[in-house]
Structure formats: C-alpha cells, structure tokens
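Student: I'd like a close look at one part of this molecule, together with what surrounds it. Please give me the cut-off behind each term as you go.

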Amino acid sequence: MHYFVEITDTFAGEANYSWVERHKVKASSPRGAINRIARKSGIHWRKVDTTGDSDRYDSLSGATCAFVSEWDDECALGNYCSDLA
C-alpha cells in the first residue's frame, strides 16, 4: 500500500505551510510510512491526532508536523519530493 506524507513547519502548534515536503511512501500502515520517513530524515515522530482521512504526527522538537493519508490518484497531481517505494 502507498501513503501520502506531507511534512511542514508549525507556528504556535498549528501547521504553518511556509514550506512543505510531500512524499509517496510504500508501507503496510500509516505508522510504517512515518517510520520510513523517520529513518530517512533522522527526525523522530509521535502521533498526536487522527482527523478525517489523515493521521498527524509531530516531531519531538515540535517545529514540524507530518500528515499521513492513503495514496490516491489526486495526490499524484501535486509535486512530491520522493518516492519511497
């Protein structure tokens, strides 16, 4: 299964989107997808929320957050940084 992972900065705990990275990740679960991102980036993540179709993870520093959702063809319309298949 593929997941769409969107990583951005935060401001006062909220996603800020002054910069954003998007990734297509092959994993068996949302947690597996964020674990692959963690190994690649060296950033450790903790799950803080599940809203709608995505799970939110915050970095331990709180400076960045990530949203993980199932991949669909609409995700392919945007630009994403890497394909971790």
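Tutor: Happy to help; what follows starts from one strand, β5, and works outward to its partners and surroundings.

First, the ground rules. This is a predicted model, in which local features need pLDDT of at least 70 and side-chain atom pairs count only at pLDDT 80 or more, while totals for chains, interfaces and linings use all residues. Residues are numbered from 1 along each chain as its sequence is written, and side-chain values use heavy atoms, with hydrogens and water left out.

For orientation, the chain holds one helix and six strands (DSSP runs numbered from the N terminus: H or I of at least four residues for helices, E of at least two for strands). Read from the N terminus, the order of elements is β-β-α-β-β-β-β. Of its 85 residues, 40% are buried (buried is under 20% relative accessible area, exposed is over 50%, and partly exposed lies in between, with a 1.4 Å probe and protein chains only). The chain's accessible surface is about 5,100 Å², with 48% of that belonging to carbon and sulfur atoms (Shrake-Rupley, 1.4 Å probe; for residues, only the protein chains shown count as cover).

Now to β5 itself, residues 64–70. This strand is mostly covered, with six of its seven residues buried. Strand β1 (residues 2–11) runs antiparallel to β5, and seven bridges join the two (strands pair when DSSP finds at least two bridges between them). One point on that seam is Thr64 of β5, the bridge partner of Asp9. Strand β4 also pairs with β5 in the antiparallel sense, over five bridges, and there Cys65 of β5 is the bridge partner of Asp58. The hairpin of β4 and β5 has four residues between the strands, and Gly62 in this hairpin takes a positive phi near 80°.

Staying with β4 (residues 54–59), Arg56 is a good residue to inspect. Arg56 counts as buried because its relative accessibility is 12%. Its side chain makes a polar contact of 2.8 Å with the side chain of Asp58 (N or O atoms within 3.5 Å; within protein, one must be able to donate a hydrogen and the other to accept it, and residues adjacent in sequence count only if both atoms are side-chain atoms). Beyond its neighbours within four places in sequence, Arg56 is in contact with several residues, among them Thr10, Gly13, Lys47, Cys65, Ala66 and Phe67 (contact is heavy atoms within 4.5 Å).

From the β5 side, Ala66 reaches widely. Leaving aside neighbours within four places, its contacts include Val5, Ile7, Ile34, Trp45, Arg56 and Tyr57. Ala66 is also one of the residues with the most contacts inside the largest nonpolar core, which has 13 residues; Val5, Ala33, Ile34, Trp45 and Val68 are the others (a core is a set of buried Ala, Val, Leu, Ile, Met, Phe, Trp, Tyr and Cys residues joined through side-chain atoms within 4.5 Å). β1, α1 and β5 each supply at least two residues of this core, and α1 gives the largest share, four residues. As background, nonpolar side chains tend to be buried together in soluble globular proteins.

That brings in helix α1, residues 30–41. Its 12 residues reach 17 Å from first C-alpha to last, close to the 16 Å expected at 1.5 Å a residue (1.5 Å times one less than the number of residues). Gly32, Ala33, Ile34, Ile37 and Ala38 are its buried residues. Pro30, also in α1, counts as partly exposed because its relative accessibility is 24%. Not counting residues up to four places away in sequence, Pro30 touches Tyr3, Asp55, Tyr57 and Val68. Pro30 and Phe4 lie 9.2 Å apart, C-alpha to C-alpha, with their positions 26 residues apart in sequence. After α1 comes Gly42, with a positive phi near 80°.

Two further backbone spots deserve a check. Ala12, in the loop between β1 and β2, has a positive phi near 55° although it is not a glycine, and it counts as exposed because its relative accessibility is 72%. Tyr17, in strand β2, likewise has a positive phi, about 60°, without being a glycine; at 39% relative accessibility, Tyr17 counts as partly exposed.
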